[in-house]
Amino acid sequence: MPGTFRLVPAREIDAEAVARLVNRAYARYRHLFAGQRTTPEELLLEAGPDARFIIVEETGRLIGSALIAPAERFIEPDMLGPSGTPRPEPAGVPKGHPWAGALYFGMAAVDDDRVNQGIGRAMVALAEEVARTEGHPAVGLGTVREFGLVPYYERLGYRVIHEADHPAGHWDFLVPHRYCELVKRV
């Protein structure tokens, strides 16, 4: 697989470059989603102080990125909304929640000219390895079913643990949509 993979603390990333990549990746869903996904400031706010990013570069060019952090921060789905979403303070994990103690994987982005070349799958695998190494029992993630990624993650061993229907207008979506939380034991 081409590219160099690094784990970088959130405070040390080039937030401008990562936000640009994330917004280009989410532009694939313009028929579903009207807004931009993030800004550099909101990227860091959403990530939180304990987050790291998987950064994938090739010849100095950013071609992939993903956020990893303790999943407790992301139990409240509004933490994951697009640019401009009011972000609540993390409230902790309800007892018995499948994300309890898990590592969260999110805001994954791969440059358009590198999609379907295994970069996303390799970022997921790296997140799972980090989870195992650091003693997290699982990796949790969230996606919108209409993005078409639920079957992709299910092929990687994730299972849907919760789905919530939302009307058009929620999170700047142009259509009704279903937010899905997934988990994989590692």
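The paragraphs below lead the reader through a predicted model of a protein, from its overall fold to selected details.

The protein contains four helices and seven strands. Followed along the sequence, these elements are arranged in the pattern β-α-α-β-β-β-α-β-α-β-β. The protein has 186 residues, of which buried residues make up 49%.

One helix, α3, serves as an example of the regular elements. The 16 residues of α3 should span 22 Å at 1.5 Å a residue, and the end C-alpha atoms of the helix are 22 Å apart, so the expected and modelled spans agree. Several residues of α3 are buried, namely Ile 119, Met 123, Val 124, Ala 127, Glu 128, Val 130 and Ala 131. An α-helix has 3.6 residues a turn, so residues three or four places apart point the same way. Glu 128 belongs to the buried set of α3 together with Ile 119, Met 123 and the others named above. Just after α3 comes Gly 135, which takes a positive phi of about 85°.

The next topic is the open space in the model. Rolling a probe the size of a water molecule over the atoms shows where empty space is left. The largest pocket has a volume of about 800 Å³. Its lining is made up of 39 residues, and those closest to the centre of the pocket are Arg 28, Tyr 29, Ala 108, Leu 149 and Tyr 153. Two or more lining residues are given by each of α1 (15-26), β4 (103-110), α3 (119-134), β5 (138-144) and α4 (150-155). Strand β4 supplies the largest share of this lining, with seven residues. Sorted by class, the lining of the largest pocket comprises 26 nonpolar, eight polar and five charged residues. The helix α3 described above is thus met again here, because it is among the elements that give two or more residues to the lining.

Charged side chains also pair with one another. The count of salt bridges comes to 13. One of them joins Arg 61 to Asp 113, with the closest N and O atoms 2.8 Å apart. This pair links distant parts of the chain, since Arg 61 lies in strand β3 (residues 61-70) and Asp 113 in the loop between β4 and α3, 52 residues apart. Arg 61 counts as partly exposed because its relative accessibility is 34%. Asp 113 is likewise partly exposed, its relative accessible area being 46%. Both residues belong to a network of salt bridges that links Arg 24, Arg 61, Asp 111 and Asp 113.

A second salt bridge is formed by Arg 145 and Glu 163, whose closest N and O atoms are 2.8 Å apart. Here Arg 145 is in the loop between β5 and α4, while Glu 163 is in strand β6 (residues 159-166), and the two are 18 residues apart. With a relative accessibility of 31%, Arg 145 counts as partly exposed, and Glu 163, at 29%, is also partly exposed.

Strand β6 takes part in a further pairing, in which Arg 178 forms a salt bridge with Asp 165 and the closest N and O atoms are 2.7 Å apart. Arg 178 is placed in strand β7 (residues 177-185) and Asp 165 in strand β6, so that this bridge joins positions 13 residues apart. The two partners fall into separate accessibility classes: Arg 178 is partly exposed at 28%, whereas Asp 165 is exposed at 54%.

The loops hold some further details. The loop between β4 and α3 contains Arg 114. Why does Arg 114 count as buried? Its relative accessible area is 7%, and buried means under 20%. The side chain of Arg 114 makes a polar contact of 2.7 Å with the side chain of Gln 117.

Two other loop residues have a positive phi although they are not glycine. Thr 59 has a phi near 45° and sits in the loop between β2 (52-58) and β3. Trp 171 has a phi near 55° and is found in the loop between β6 and β7. Are these residues buried or exposed? Thr 59 is exposed, because its relative accessible area of 84% is over the 50% limit. Trp 171, at 9% relative accessibility, counts as buried.

Key. Residues are numbered from 1 along each chain as its sequence is written. This is a predicted model: local features need pLDDT of at least 70, side-chain atom pairs count only at pLDDT 80 or more; totals for chains, interfaces and linings use all residues. Side-chain values use heavy atoms; hydrogens and water are left out. On a 1 Å grid over the protein atoms alone, a cavity is a set of points where a 1.4 Å probe fits but cannot get out, and a pocket is an open set with protein on both sides within 12 Å along at least five of seven lines; lining residues have an atom within 4 Å of a point. Grid points are joined across faces, edges and corners, and a volume is the space filled by probe spheres set on the points. Ala, Val, Leu, Ile, Met, Phe, Trp, Tyr, Cys and Pro count as nonpolar, Asp, Glu, Lys and Arg as charged, and the others, Gly among them, as polar. A salt bridge is a side-chain nitrogen of Lys or Arg within 4 Å of a carboxyl oxygen of Asp or Glu. Buried means under 20% relative accessible area, exposed over 50%, partly exposed in between (1.4 Å probe, protein chains only). The expected span of a helix is 1.5 Å times one less than its number of residues. A polar contact is a pair of N or O atoms within 3.5 Å; within protein, one must be able to donate a hydrogen and the other to accept it, and residues adjacent in sequence count only if both atoms are side-chain atoms.
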